[in-house]
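Please walk through this model with me, from one of its helices to its pocket and then to three individual residues.

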Amino acid sequence: METALIDWSRVQFAVTAAYHWLFVPLTLGLSVVMALMETIYVVKGDEFWKKTAKFWMKLFAINFAVGIATGIILEFQFGTNWSNYSWFVGDIFGAPLAIEGVLAFFMEATFFAVMFFGWNKVGKKFHLSATWLTGIGASISAYWILVANGWMQHPTGTEFNMDTVRNEMTSFWAVIGNPVAVVKFFHSIFSGWMTGGAFTLAISSWFLLKKRENRFAIASFCVGAIVTLVGGIVTAISGDVSGLRVAQYQPMKFAATEALMDGSKSAPLTLVPGVEIPSMLSILATHDVDGFVPGINDIVNGYTDNEGNVVPSSQEKIDRGRIAVAALADYTKYKATDKLKAEEAKSLFKENEKYLGYGYVDKVDDLIPNLHVPFWSFRVMIGAGMFVMLYALLALFFVWKKKVKTVKWLHVLGLLTLPAVYIAGQAGWIVAEVGRQPWTIQDLLPVNVAVSSVSVFAVKTTLAAFCIIFTLFLVIEIRIMLKAISKGPQIDENQSNTKLEEV
């Protein structure tokens, strides 16, 4: 397949995915923020909290609508730019996406209508249930998407059918219970909490800097800090588990993230070039201070893992993969005319089936991803994420001291949490996706086989169109949000029975 076509197809998918991920985490996080505020309203019966919840609900609705549009365009690309991939594993990959559309998205849309338009039409508790169920629906929707992505990182519950030359699902439960998908779900959902919380902190800080609607701003600031900190803690815990999974199932990605050329026991973690934490990488990869972490050279040349299993060299995997490809071709050729030769080919294929994907790799160097991108993206993700978490902790300290209103530098820093949390989220996905190249499906299907047979011109044209459309979506959303934020919640704080000290 033409290199330019592969590269441009990857760029197009990366751009559309990055745009879509601007909206998804904010949807996940704001759903929790507004639901918590409405819960306080139902418990206290104070109109102040109802109006506060409605303000954040309005911003949620704006973001939710744009996120849907970008998500639909993103999913269509599996059938346009990656049709070989869709044909090869459509029976598996299509199932979670179909469930997401039929069940989870339907649930979101149904309860969203009640939540947004039902304030004066249903009871308080029913409306609160609809608000929480809208958020739960968004999380369930995300789970099915992450099942699909997790399966690409670690394919389970499937079997290759030599007659149809396709992968077919053998266990639905193995697919949806994929350990990589489960940890991705928690990591993505709670990083969304961080995004929603940081967004709330930043907007609240703006109101405080403008000395507008202080009671609303402080109340929102407090809720935002709590959601951010809780989200950050669970994100960090799930990130640790994710590191274990990556080291276990995608050792090349793990090595690339550290730019680790030669593995060792008690391997140090590099913070930045020249600054290391002794044995920390082994702890992250194996939860054992003496655990062996293979480097890129080990993976290329072959090594023995911590369980004593001998891992073949990359060249041996390629050679055995080519044997599997040839055996598959012989089986297809002889299955209708020569049963004996077909059975011999089938037996040879089964011996080397594990390495089938490697048979489409041209050379060993193609199995090594770009090292600079995952290495620095990982550190940007950690640095930006830690800044947001520490700020949330600092914010709660000033809430406890009842000094949020008076500390101007705290409000200025609060504005910075919004770009920081988005940078962390985008960097995390760069690590996850760039680090596993050249694989569309880890060890099973490289990108040069997965891409559609379309012209480079068509990909460039649609890429330009998507960039224009998505940028237009983003500009429209920002303008509508800024208008809604500038208008404010319009709370007459003198009529509220909530005292400033109570929030």
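Why does the distance between the end C-alpha atoms of helix 14 agree with the span expected for its 27 residues? The model is a predicted one, in which local features need pLDDT of at least 70 and side-chain atom pairs count only at pLDDT 80 or more, while totals for chains, interfaces and linings use all residues. Residues are numbered from 1 along each chain as its sequence is written, and side-chain values use heavy atoms, with hydrogens and water left out.

Helices (H or I, at least four residues) and strands (E, at least two) are DSSP runs numbered from the N terminus, and the expected span of a helix is 1.5 Å times one less than its number of residues. Because each residue adds 1.5 Å, helix 14 (residues 408–434) should span 39 Å, and its end C-alpha atoms, 40 Å apart, agree with that. Helix 14 nevertheless bends by about 25° at threonine 417, with proline 419 following within four residues; the bend is the angle between axes fitted to the seven residues ending at a residue and the seven starting there.

Helix 14 also contributes to the largest pocket, as do helix 1 (3–44), helix 2 (47–80), helix 3 (83–117), helix 4 (124–153) and strand 9, each supplying at least two residues of the lining. A pocket is an open set of points on a 1 Å grid over the protein atoms alone, where a 1.4 Å probe fits, with protein on both sides within 12 Å along at least five of seven lines, and lining residues have an atom within 4 Å of a point. Helix 1 gives the most to this lining, with 13 residues, and of the 49 lining residues, Phe13, Ala17, His20, Leu74 and Ile145 lie nearest the centre of the pocket.

Strand 9 (residues 439–441) holds threonine 440, which counts as buried because its relative accessibility is 8%; buried means under 20% relative accessible area, exposed over 50%, and partly exposed in between (1.4 Å probe, protein chains only). Leaving aside residues up to four places away in sequence, threonine 440 touches residues including Tyr85, Met152 and Leu445, where contact means heavy atoms within 4.5 Å.

Another threonine, threonine 228, lies in helix 7 (residues 214–249) and is buried at 0% relative accessibility. The side chain of threonine 228 reaches the backbone nitrogen of alanine 198 at 3.2 Å.

Lysine 350, found in helix 12 (residues 339–352), counts as partly exposed at 40% relative accessibility, and touches Phe160 and Met162, not counting residues up to four places away in sequence.

Methods:
A polar contact is a pair of N or O atoms within 3.5 Å; within protein, one must be able to donate a hydrogen and the other to accept it, and residues adjacent in sequence count only if both atoms are side-chain atoms.
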